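Please keep the sequence and the model open while reading. The text below goes through the structure one part at a time.

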Amino acid sequence: MMNASGIPQPRVDLSRRERSLRELMDDPDCDPQRLHATLRRFDLVNRLVSGWGTVYRTRLRSLLAELPQPARVLDIGSGGGDVVLRLAKLAERDGIEVQWAGVDPDPRAHRLAQDRQRPGVRFLCTDAETLLDRGETFDIVLSNHVLHHLDDGDLPSFADTSRRLAHHVVYHGDIARGRLAYGLFAAGITPLAPGTFLRTDGLRSIRRSYRRAELAAALGPEWEIEAPAPFRLLARGGGLA
């Protein structure tokens with residue numbers, strides 16, 4: 001394997017999760033301009049690779065249409081808000097009334113998300129546990145690219161909290177670790193990466209991510225693990241609220 005400069009690089013071992021890797025943008029002292037550029041460019045990157053358009057068409061749309069409106073949907077770890085805003089536009093296009101909320105405890109991401117608020121969409125600088133303590137509940141809870149960030153000890157409590165916030169269903173979307181996903185991302189992200197953390201952090205994310213059987217074992221029998229799109233995993237759990 002070669003890097004973007006054509007220099008040979010050691011072959012990456014994807015047979016196991018690299019739990020110790022940390023993403024550059026998670027460093028509170030990282031370059032703020034590069035972080036802002038990364039968060040802004042997630043609009044395009046997530047549209048290309050996250051699979052939420054497919055999840056909306058095949059799972060969310062029919063459920064949202066059946067719920068008393070306005071339905072209430074929460075995105076945990078919403079970052080700059082791009083996933084919430086995209087789903088909100090899809091639901092609005094279909095004439096479905098939804099109150100969307102995105103929460104993220106990182107004030108840097110929250111500032112960007114807050115600047116993009118629109119009617120029916122709110123962003124809060126907090127975490128899921130705080131919402132649960134406040135007694136808030138939602139019809140549907142979702143997250144994008146959160147599971148692979150969590151340490152093994154934090155995953156069960158996060159999964160349980162998300163279910164206790166939801167009346168109906170929880171969907172956690174993430175990357176499926178694999179060599180083809182790694183190689184395609186390494187090549188495809190290069191034009192979008194200058195001035196951002198996208199390439200380094202994206203590849204680290206893949207190395208930290210699960211394979212389907214691994215995620216099923218980590219979450220337990222209360223969760224169903226699906227593959228809604230290439231190189232994607234979707235954990236589905238029933239709501240407990």
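What follows starts with the sheet, moves to the helices, and ends with two single residues. The model is a predicted one.

The sheet comes first. It is open and has 7 strands, in the order 3-2-1-4-5-7-6, and its pairing is mixed. Strand 3 (121-124) and strand 6 (223-226) are the edge strands, each pairing on one side only. From one strand to the next, the twist averages 20°.

Two of the strand pairs can be followed in detail. At one edge, strand 3 pairs with strand 2 (residues 98-103) in the parallel sense, over 4 bridges. Within this pair, G102 has F123 of strand 3 as its bridge partner. The pairing of strand 4 with strand 5 is also in the parallel sense, with 6 bridges. Here F138 is bridged to A166, which is in strand 5. How many of the 10 residues of strand 5 are buried? The count is 8, so strand 5 is largely enclosed by the rest of the structure. As a general point on strands, side chains in a regular strand alternate between the two faces of the sheet.

The helices come next. Helix 2 (residues 52-66) lies across several strands: strand 1 (71-76), strand 2, strand 4 (138-144), strand 5 (166-175), strand 6 and strand 7 (232-238). Relative to strand 4, helix 2 runs at about 175°.

Helix 3 (residues 82-93) packs against helix 1 (residues 32-49) at an angle of about 60°, and the two axes are 9 Å apart. The crossing of helix 1 past helix 3 is right-handed. Helix 1 contributes F42, D43, N46 and R47 to this contact, while helix 3 contributes D82, V83 and R86. By type, the contact residues comprise 2 nonpolar, 1 polar and 4 charged.

Does the length of helix 3 fit its number of residues, and what span should be expected for 12 residues at 1.5 Å a residue? The expected span is 16 Å, and the end C-alpha atoms of helix 3 are 17 Å apart, which agrees. The buried residues of helix 3 are D82, V83, V84, L85, L87, A88, L90 and A91. These buried residues pack against helix 1 and helix 2, and also against strand 1, strand 2, strand 3 and strand 4. After helix 3 comes G95, which has a positive phi, near 75°.

One residue of helix 3 is worth following on its own: V83. With a relative accessible area of 8%, V83 is buried, because buried means under 20%. Beyond its neighbours within four places in sequence, V83 is in contact with N46, W52, D75 and N144. Of these, N46 also belongs to the contact that helix 1 makes with helix 3. V83 and G53 are separated by 30 residues in sequence, and their C-alpha atoms are 9.5 Å apart in space.

The last residue is S78, in the loop between strand 1 and helix 3. Is S78 buried or exposed? Its relative accessibility is 7%, so S78 counts as buried. Leaving out residues up to four places away in sequence, S78 touches V84, G102, V103, D104 and F123. Two of these, G102 and F123, are the bridge partners named earlier for strand 2 and strand 3. V84, also touched by S78, is among the buried residues of helix 3.

How values were computed: Residues numbered from 1 in each chain as written. Predicted model: local features only at pLDDT ≥ 70, side-chain atom pairs only at ≥ 80, totals over all residues. Heavy atoms only, no water. Axes fitted to C-alpha atoms, helices over the stretch in contact; angles between N-to-C directions. Left-handed = near helix turned anticlockwise from the far one by under 90°. Contact = heavy atoms within 4.5 Å. Nonpolar A, V, L, I, M, F, W, Y, C, P; charged D, E, K, R; others polar. Pairing = 2+ DSSP bridges. Expected span 1.5 Å × (residues − 1). Buried < 20%, exposed > 50% of the residue type's maximum accessible area, 1.4 Å probe, protein only.
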